[in-house]
Amino acid sequence: GMLFDNPAAGSIGQDMIVANVFLFPLWTIIDGARRGLRQPWIYFVISLFTSFGFAMALYLAAQERQLRWNAAHAA
C-alpha cells in the first residue's frame with residue numbers, strides 16, 4: 001500500500017517494477033548469453049531476494065570479468 005502512497009513514490013515504484021521485472025531479466029539473459037556468461041538468469045533471481053542495485057552491480061562486475069577473461073584467452 002505504501003508503494004503508491006503519493007505521486008513521487010508511485011513514480012519510482014512503477015519504474016523499479018518495470019525495470020526489475022521486465023527489463024533487467026531481458027538484459028541479463030540476452031546480453032549475458034551473448035557475452036558467454038553461464039547462467040545469466042541467476043542475476044534476476046538474486047534481484048528478487050536482494051536489492052535491484054546490488055544485482056545490477058553484481059551482473060556488471062561479472063560481465064567485466066568475462067570480458068577480461070575473453071580478451072586474455074583470445075590473445
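1. A good place to begin is L3, which, once its neighbours within four places in sequence are set aside, is in contact with A9, G10, G13 and I17. This residue is found in the segment before helix α1, the helix that covers residues 7-35. Please keep in mind while reading that the structure is a predicted model.

2. Is L3 buried, exposed or partly exposed? Its relative accessibility is 40%, and because buried means under 20% and exposed means over 50%, L3 counts as partly exposed. As for its distance from Q14, a residue eleven places away along the chain, the C-alpha atoms of L3 and Q14 are separated by 8.6 Å.

3. Turning to the chain as a whole, the secondary structure comes to three helices and zero strands, so that, read from the N terminus on, the elements run α-α-α. Helix α1 spans residues 7-35, α2 spans residues 42-49, and α3 spans residues 52-74.

4. The overall dimensions deserve a careful look, since a compact globule of 75 residues would have a radius of gyration near 11 Å, whereas the chain has 15 Å. Along the principal axes, the C-alpha trace spans about 55 × 20 × 15 Å.

5. How much of the chain counts as buried? Of the 75 residues, 27% fall into that class, and the accessible surface comes to about 5400 Å², with 68% of this area belonging to carbon and sulfur atoms. When contacts between residues at least 6 apart in sequence are considered, 45% of them join residues at least 24 apart.

6. The loop between α1 and α2 contains Q39, whose phi is near 55°, a positive value in a residue other than glycine. Most residues other than glycine have a negative phi, and a student may therefore wish to find this residue in the structure.

7. Which residues line the largest pocket? The lining is made up of G36, L37, R38, Y43, A62, R65, Q66 and W69, and the pocket has a volume of about 200 Å³. Helix α3 gives the most to this lining, with four residues. By character, the lining residues divide into four nonpolar, two polar and two charged.

Technical notes:
Residues are numbered from 1 along each chain as its sequence is written. This is a predicted model: local features need pLDDT of at least 70, side-chain atom pairs count only at pLDDT 80 or more; totals for chains, interfaces and linings use all residues. Side-chain values use heavy atoms; hydrogens and water are left out. On a 1 Å grid over the protein atoms alone, a cavity is a set of points where a 1.4 Å probe fits but cannot get out, and a pocket is an open set with protein on both sides within 12 Å along at least five of seven lines; lining residues have an atom within 4 Å of a point. Grid points are joined across faces, edges and corners, and a volume is the space filled by probe spheres set on the points. Helices (H or I, at least four residues) and strands (E, at least two) are DSSP runs, numbered from the N terminus. Ala, Val, Leu, Ile, Met, Phe, Trp, Tyr, Cys and Pro count as nonpolar, Asp, Glu, Lys and Arg as charged, and the others, Gly among them, as polar. The radius of gyration is taken over C-alpha atoms; the globule rule is 2.2 Å times the number of residues to the power 0.38. Buried means under 20% relative accessible area, exposed over 50%, partly exposed in between (1.4 Å probe, protein chains only). Contact means heavy atoms within 4.5 Å. Accessible areas come from the Shrake-Rupley method with a 1.4 Å probe; for residues, only the protein chains shown count as cover.
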